[in-house]
Amino acid sequence: NLARGFVQLVLIDAAELVAQGAEMFTKAPILDLRITNAGPFVDQICAMPQLQGLRSLDMASGKLGDDGARAVANCPYLSELRWLDLKRNEIGADGLEALAASANLPSLKRLVFDSNTASDPTPKVASENGMVHAVTISQLGQDLVAKYGHRAWLADAPAAPPRIDHY
């Protein structure tokens with residue numbers, strides 16, 4: 001996808017990203033990255049300094065598991081990330097704890113976490129006609145905030161999905 005003539009969203013298979021990612025990132029600034037089949041390559045992906053500057057990262061359905069969630073949580077290149085989609089990744093309590101404890105995700109506003117082994121701790125919004133009426137924080141979300149401190153993705157109304165000119 002292009003925004004104002006520049007690449008905005010790149011959809012790429014993990015094996016291809018590992019093989020050609022460094023070169024790909026030199027061609028244009030990439031803000032939004034969707035990676036398929038990330039599970040077997042997550043450690044290599046999270047070791048890529050080119051991830052610095054991403055605002056959204058989608059690794060949904062990548063079979064990351066707890067080890068993959070820990071790799072994402074430990075990645076030092078995701079400090080500007082605002083949106084992270086990890087739904088359907090078989091992530092359990094240990095992986096969720098690693099994400100909540102991470103100091104490497106200070107800008108994260110939204111974590112998409114549904115359909116994992118661990119319960120989804122992210123806030124839920126009740127709205128009508130586009131107006132937010134209530135934000136509900138689950139007990140799990142409250143417990144994680146109490147343990148690790150405020151995390152926008154655990155305590156605030158969910159951010160809108162990334163799109164052109166959104167940020």
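Okay, let's start with contacts. Take the pairs in this protein that sit at least 6 apart in sequence: 67% of those contacts join residues at least 24 apart. Keep in mind that what you're looking at is a predicted model.

So what is the chain built from? We've got six helices and nine strands.

On to overall dimensions. The C-alpha trace spans about 45 × 35 × 25 Å along its principal axes. I also checked the radius of gyration, which comes out at 16 Å; a compact globule of 167 residues would be near 15 Å, so the two agree.

Now, inside versus outside. Of the 167 residues, 43% are buried, and by that I mean under 20% relative accessible area. As for the surface, the protein exposes about 8,500 Å², with 51% of that coming from carbon and sulfur atoms.

If you're thinking about electrostatics, here's the charge count: 15 positive and 19 negative. How far apart are the mean positions of the two sets? They're 5 Å apart.

Last stop, one piece of local detail, and you may want to zoom in here. Strand β8 covers residues 124-128, strand β9 covers residues 131-136, and they pair antiparallel over five bridges. One of the residues to click on is Lys124, whose bridge partner in β9 is Thr136. Then look at the turn: this hairpin has two residues between the strands. Which residue takes a positive phi there? That's Asn129, with phi near 55 degrees.

And a quick reminder while you've got the strands on screen: in a regular strand, side chains alternate between the two faces of the sheet.

That's it from me, happy to rotate things around.

Technical notes
Residues numbered from 1 in each chain as written. Predicted model: local features only at pLDDT ≥ 70, side-chain atom pairs only at ≥ 80, totals over all residues. Heavy atoms only, no water. Helix = DSSP H or I, 4+ residues; strand = E, 2+ residues; numbered from the N terminus. Rg over C-alpha atoms; globule rule 2.2 N^0.38 Å. Buried < 20%, exposed > 50% of the residue type's maximum accessible area, 1.4 Å probe, protein only. Contact = heavy atoms within 4.5 Å. Areas by Shrake-Rupley, 256 points an atom, 1.4 Å probe, with all protein chains shown as cover. Lys, Arg positive; Asp, Glu negative; His and termini not counted. Charge placed at Lys NZ, Arg CZ, Asp CG, Glu CD. Pairing = 2+ DSSP bridges.
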